[in-house]
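Hi there,

Here is the structure I promised to pass on to you. Have a look at it first, and then read my notes below with the 3D view open.

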Amino acid sequence: MNQPVISASHLDLTFQTNDGPVHALRDVSLDIGKGEFVSFIGPSGCGKTTFLRCIAGLEEPTGGTLAVNGLTPDAARRSRAYGYVFQAAGLYPWRTIGGNIRLPLEIMGFSKEEQAERVKRTLELVDLAGFEKKFPWQLSGGMQQRASIARALAFDADILLMDEPFGALDEIVRDRLNEELLKLWDRTGKTIGFVTHSIPEAVYLSTKIVVMSPRPGRITDVIESTLPRERPLDIRDSAEFIAIAHRVRDGLRAGHIDA
Amino acid sequence: MILVFAAVAVWIGAWAFNGWLANGRFSDLASVRLAVPLIFGATVIVVWELIVRGLQVPPVILPPPSTIVGAFFGNFGVLWPDFVQTFAKGALGGYVIGCGSALLTAILVDRYDFLRRGLLPVGNFMAALPIVGTAPILVMWFGFDWQSKAAVVVVMVFFPMLVNTVAGLRDTSAMQRDLMRTYGASYWQTLFKLRFPAALPFIFNGLKIATTLALIGAIVAEFFGSPTRGLGFRISTSVGTLALDMVWAVIVVAALTGTAFYGAVAWLERRMTFWHPSQRK
Ligand SMILES: Nc1ncnc2c1ncn2[C@@H]1O[C@H](COP(=O)(O)OP(=O)(O)OP(=O)(O)O)[C@@H](O)[C@H]1O
Ligand SMILES: [Mg+2]
């Protein structure tokens, strides 16, 4: 593996809430190399979102160290190292779909032509061409989620953090976007952190699958995928694919029994 | 007496007609929705006219609407400068200065927490001062002309506008703010691209409340000294000479102005916050 882009060691995070402390992450150590596609899978509430937010500098760990591109997560955030797709679409209702995708481009100072060009390109990528002038509330939940993916892709950050981006989509669209995402990843060499609840999705997309378990959230297994980089959809019927999926399932089960 | 019976008849007839319109099968038409309140208003005016004439109510107590309309058009040459003095200069000037400075203060208050704790109580205190107490003082300070009326208006509209804007600037979800953070957006970028648009429904709420306050403030302040024109001045001098038809004509001017002012702000609100759930069609 080449030098890590994201490097977490012995990360701890405890939320102080009114009902007492919530131990969301415990002793999480993980290295993610440049150009890796890492999936996080685990039961609800095991800290997947929290870990992603720590990487993005949106949450402050209470223990351990975390470096991104050799910087603190906060400094990396300020240098605009990430595109982040949140678990909910969160489009601004006063902006059109096109305007929402343009938002990061405006903030980062892209030229007008460049903005228009990128909005058009990313909308096509997520199959929303023709919806540029619509407002978010005029679109279905799945379409809004796709628009939020387009928004994160528009500005070409080196690191893409995606929190259940395809959770609200039907199987067919999901398959298509999985393929598109793999192509984009292959073409651009981005480093991707991807949260999902779907075992097949995790196995299909990832070079590395991180299995987590709850209370407190920790990593129980890290599986390096042996699948080739080139992945047609029907690779999901291969014996190798099924073997990896089994190992992920076993890891999830073990986590449940411990907890 | 016949006129009184006629009034009762008109009332019952119009009531029945309006009831039929409002509950009938045309009730969803835009024209019908507009007609119902208009018919109601017209009925009130006709009944008022008939009863005042039928019972021979002295004009000092209540003049008939026809006399008021006569006074309105007959004194148009007087009422127009009054309107310009009170509304265009006093009320509007104070409205713009008061709402504008409240908006800027709100941005500061929002940014620096010590200002929030320091300034909001002061604003609250200012809003609690009775206008009949502050107006004479402000007239002393700023003279008889419209400047002192604008000052009274500023004092009246500042606080409601400030409170609404401060609340609006805080009305963003954690996720909306996190999104800005992932872009490494600066304070000003976040302010203009997220918090200000999100605050617009609140800001317009403040602007609408302030329209009514501005007109009241500008009129009442003229009771404590003004040049020989202005709606408040006109009311106080006309009351002195028992020219009640003139008083009523001024009330008509103030009512029309206030309604139009409010309507204009509400129209702007619909244009600018069309995306808000309360405005979506
Ligand atoms: N801001 C917060 N304050 C207090 N507790 C929090 C906060 N955010 C998350 N938690 C707690 O931390 C734990 C992990 O939450 P997290 O959102 O990371 O789970 P998740 O793995 O993403 O779950 P899901 O699959 O349902 O999205 C949960 O127990 C949650 O209640
Ligand atoms: Mg989550």
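The largest cavity has a volume of about 80 Å³. Please keep in mind that this is a predicted model. Counting cavities of 30 Å³ or more gives one. To find its walls, look in chain A for Leu125(A), Val126(A), Ile149(A), Leu153(A), Met162(A), Phe166(A), Leu177(A), Glu180(A), Leu181(A) and Leu184(A). Two elements of chain A, α5 (141-153) and α6 (171-188), each give two or more residues to this lining. The biggest share comes from α6(A), with four residues. Sorted by class, the lining of the largest cavity has nine nonpolar residues, no polar ones and one charged one.

Now for the loops on either side of β6 in chain A. Asp156(A) sits in the loop between α5 and β6 (159-163). Its phi is positive, about 55°, although Asp156(A) is not a glycine. With a relative accessible area of 38%, Asp156(A) is partly exposed. Glu164(A) belongs to the loop between β6 and α6 of chain A, and has a positive phi as well, of about 45°, again without being a glycine. Is Glu164(A) buried or exposed? Glu164(A) is buried, because its relative accessible area of 16% falls under the 20% limit.

Asp158(A) is also worth a visit. You will find Asp158(A) in the loop between α5 and β6 of chain A. Its relative accessible area is 51%, so Asp158(A) counts as exposed, the cut-off being over 50%. Which residues does Asp158(A) touch, leaving aside its neighbours within four places in sequence? The contacts are Ala81(A), Lys190(A) and Thr191(A). Try picking out Tyr82(A) too: Asp158(A) and Tyr82(A) are 76 residues apart in sequence, yet their C-alpha atoms are 6.5 Å apart in space.

Next, the metal. Which residues coordinate the magnesium ion (ligand 2)? They are Thr49(A), through its OG1 atom, and Gln87(A), through its OE1 atom, at 1.9 to 2.4 Å. Thr49(A) is part of helix α1 (residues 48-55) of chain A, while Gln87(A) is in the loop between β5 (82-85) and α3 (97-107) of chain A, so the pair ties together parts that are 38 residues apart in sequence. Thr49(A) is partly exposed, at 25% relative accessibility. Gln87(A) also counts as partly exposed, at 43% relative accessibility.

Then please turn to chain B, which is divided into domain 1 (2-57) and domain 2 (72-272). Taken over C-alpha atoms, the centres of these two domains of chain B are 35 Å apart.

The largest pocket is lined by residues of chain B, among them Ile45(B), Trp48(B), Phe72(B), Phe73(B), Trp248(B) and Leu256(B). Three elements of chain B give two or more residues each to the lining of this pocket: α2 (30-54), α3 (65-74) and α11 (244-272). The volume of the largest pocket is about 270 Å³. What classes of residue make up its lining? There are twelve nonpolar residues, with no polar and no charged ones.

If you would like a place to begin, select Glu180(A) in the lining of the largest cavity, and then the two residues that coordinate the magnesium ion, Thr49(A) and Gln87(A).

Enjoy exploring, and write back with any questions.

Best wishes

Methods. Residues numbered from 1 in each chain as written. Chains lettered and ligands numbered in written order. Predicted model: local features only at pLDDT ≥ 70, side-chain atom pairs only at ≥ 80, totals over all residues. Heavy atoms only, no water. 1 Å grid on protein atoms, 1.4 Å probe; cavity = no way out; pocket = protein on both sides within 12 Å on 5 of 7 lines; lining within 4 Å. Points joined across faces, edges and corners; volume = space filled by probe spheres on them. Nonpolar A, V, L, I, M, F, W, Y, C, P; charged D, E, K, R; others polar. Donors = N, O, S within 2.8 Å, 3.2 Å for Na, K, Ca; no water. Buried < 20%, exposed > 50% of the residue type's maximum accessible area, 1.4 Å probe, protein only. Domains from an automatic or database assignment. Contact = heavy atoms within 4.5 Å.
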